[in-house]
Amino acid sequence: MASRAITRRGVLAGGAALVGTLAVGASGLGTAAAAAPRVGVVSHPAVRAGYRFLNAAMDVHYPAYGMLRLPQSYADQVGLHGTAYTYDAALAALAYLAEGSAASVERARVIGESLRFAQDHDPGYRDGRLRQSYTVGPYERNGVVQPNGFVQPDGLVNAGNVFDHSASYTGDQAWAGLALVALARRGLNPAFLTAATRLGNWVATTCGTNQALGGYRAGVSRAGTPLIRTDTAHNAVLAAFFGQLATLTGEEIWLERRTKAAAFVHRMWQEDGGFYACGSDDGIVVARFPVTTAAQTTTVLALHRSPRPAEDAALDYVVNELTVTDTAERIHSSLPVGVTVSGVTFSDRSRLVDPNVRIEPGLRFPDPDAVWLEGTAQLASALLTRGRVGDLEAAHARLNTLAEVQSRLGRRETAGSKPLPNGEGIIAATSPLHSGVGDSGYYPYRHVGTTAWYLLAATGTNPCTLGGAAAWQRV
């Protein structure tokens with residue numbers, strides 16, 4: 001039906017998967033209806049290995065550069081040095097809360113406090129926005145030394161590094177908002193709700209549009225210019241975030257904003273194709289293509305049990321149309337000889353790119369059949385949330401794949417020049433993967449966001465809902 005566990009043909013088939021089907025079922029992996037993960041799930045070796053990687057990524061530059069910190073998003077080998085993406089940090093916080101131990105909740109709290117600090121100590125703004133990324137540790141590139149950590153000597157956060165990933169995107173605000181709301185619900189600090197509200201207000205006042213399709217635009221560029229594009233996945237997560245703010249604050253304005261974001265998402269449903277369009281480039285015309293995995297999975301997760309749920313048949317499109325199989329024999333594959341991995345790709349255009357054109361100047365050539373492992377984890381989580389007949393088994397198959405990938409791929413990597421133990425953390429893609437959208441891609445190096453999505457799926461946690469998968473409140 002979908003992905004099978006990674007196999008060395010004829011050698012690792014069947015019971016040799018790191019998390020076999022029976023083992024997964026016995027330990028309760030992916031039980032979406034559970035209000036909290038079972039002890040057997042969070043103590044599973046594959047899950048513990050994932051959390052150890054998150055810990056390592058979070059502690060790369062600690063304690064030398066202070067208590068406030070965000071996890072370094074990627075292993076050093078991807079070439080982004082000490083970059084911490086806000087999206088990845090928010091997912092890590094949500095994954096820590098899903099685990100639920102005192103130590104993990106404390107790590108989630110530190111991430112939340114760091115996001116709050118970034119709001120109040122941005123080098124250019126005090127309006128509540130967060131940047132796409134921050135620099136969390138020193139590095140040297142082309143003879144230029146960047147000596148600081150997350151908090152610079154002048155007390156401001158380290159935003160805008162050599163890569164200048166310093167824009168403020170709507171989706172990043174929404175995911176950070178979900179993490180802050182989750183922390184607020186834990187009663188850890190009422191300031192978390194204040195910070196989440198500031199994020200929501202920034203999006204509402206800066207990114208709202210009155211164009212025909214409505215919704216909220218993609219954010220603000222690194223130069224401070226408003227972006228025109230409106231994104232389906234962004235608006236889906238915004239709808240969930242605004243709905244939670246409505247519940248926690250009791251303020252009607254958040255219901256209006258939720259309705260605005262959700263209405264855009266519903267307009268993106270393409271009945272004739274059975275998928276959600278990825279958005280609109282101008283707010284007037286629907287951009288049917290490319291069809292992205294995230295527009296399907298995120299929408300199902302975010303609108304689950306809302307007053308008007310998503311069209312969950314969108315997941316069938318992902319399974320039927322966006323599933324790929326990467327093998328060592330594929331052009332530009334990074335897999336070892338004899339290894340096969342099945343999962344989903346980023347978009348329908350990812351398989352159509354020219355394999356002889358580099359993804360980005362100076363970087364690697366794409367493998368059209370590369371598996372996007374972050375999206376594979378998203379799909380597992382969405383299948384568990386949908387809960388149709390066969391979805392549990394299909395989600396387990398993908399969890400098996402991810403667990404086995406974790407155990408065998410992404411070896412001999414470092415973070416902050418410190419060795420990362422093999423078998424801990426999941427790579428972003430099995431091989432260089434072109435997103436099919438602009439000049440961007442994913443690479444076969446360990447990634448906080450991918451690992452966090454795996455842990456959320458493995459613990460049966462829908463990160464878009466209040467208090468877990470079963471707790472959407474109809475407000």
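**Figure 1. R305 in the loop between α10 and α11 of the predicted model****.** R305 counts as partly exposed because its relative accessibility is 40%. The residue is found in the loop between α10 and α11, the latter spanning 314–321. Its phi is near 60°, a positive value in a residue other than glycine.

**Figure 2. H81, a further residue with positive phi****.** The phi of H81 is near 55°, and the residue is not a glycine. H81 is placed in the loop between α3 and β2. With a relative accessible area of 23%, H81 is partly exposed.

**Figure 3. The cis peptide bonds preceding P63 and P290****.** Y62 and P63 are joined by a cis peptide bond, for which omega is about 5°. P63 belongs to the loop that runs between α3 (45–58) and β2 (83–85). The bond from F289 to P290 is also cis, with omega near 0°. P290 lies in the loop between β12 and α10.

**Figure 4. T293 in helix α10****.** Helix α10 comprises residues 293–302, and T293 is found in it. T293 counts as buried because its relative accessibility is 0%, the cut-off for a buried residue being under 20%. When neighbours within four places in sequence are left aside, T293 is in contact with V318, L322, V344, T345, F346, W372 and G375.

**Figure 5. D282 and its surroundings****.** D282 is placed in the loop between β11 (279–280) and β12 (286–287). Its relative accessibility of 29% is the reason why D282 counts as partly exposed. The side chain of D282 makes a polar contact of 3.2 Å with the side chain of S280. The D282 side chain also reaches the backbone nitrogen of I284, at 2.8 Å. Apart from neighbours within four places in sequence, the residues in contact with D282 are Q211 and I228. The C-alpha atoms of D282 and R229 are separated by 5.6 Å, although these residues are 53 apart along the chain.

**Figure 6. The open sheet β8-β11-β12****.** Three strands form this open sheet in the order β8-β11-β12, and their pairing is antiparallel. β8 (230–231) and β12 stand at the edges with a single partner strand each, so one side of each has no neighbour in the sheet. Two bridges join β8 to β11. In β11, S280 is the bridge partner of T230. S280 is also the residue whose side chain forms the polar contact with the side chain of D282.

**Figure 7. Helix α13 and the glycine that follows****.** Helix α13 covers residues 391–408, 18 residues in total, and reaches 26 Å from its first C-alpha to its last. This span is close to the 26 Å expected at 1.5 Å a residue. The helix is mostly covered, with 13 of its 18 residues buried. G410 follows α13 and has a positive phi, near 75°.

**Figure 8. The whole protein and its stretches of low pLDDT****.** The protein has 14 helices and 18 strands, and buried residues make up 61% of its 475 residues. Its accessible surface comes to about 17100 Å², of which 52% belongs to carbon and sulfur atoms. The average pLDDT is 90, and 90% of the residues score at least 70. Over residues 1–37 the pLDDT stays under 50, and the model has 87 contacts beyond four places in sequence for this stretch. The pLDDT is also below 50 over residues 467–475, which have 32 contacts in the model beyond near neighbours in sequence. Where pLDDT is low, predicted coordinates should not be read in detail.

Technical notes
Residues numbered from 1 in each chain as written. Predicted model: local features only at pLDDT ≥ 70, side-chain atom pairs only at ≥ 80, totals over all residues. Heavy atoms only, no water. Helix = DSSP H or I, 4+ residues; strand = E, 2+ residues; numbered from the N terminus. Buried < 20%, exposed > 50% of the residue type's maximum accessible area, 1.4 Å probe, protein only. Contact = heavy atoms within 4.5 Å. Polar contact = N/O pair within 3.5 Å; in protein donor to acceptor, adjacent residues only side chain to side chain. Areas by Shrake-Rupley, 256 points an atom, 1.4 Å probe, with all protein chains shown as cover. Expected span 1.5 Å × (residues − 1). pLDDT = per-residue confidence, 0-100. Pairing = 2+ DSSP bridges.
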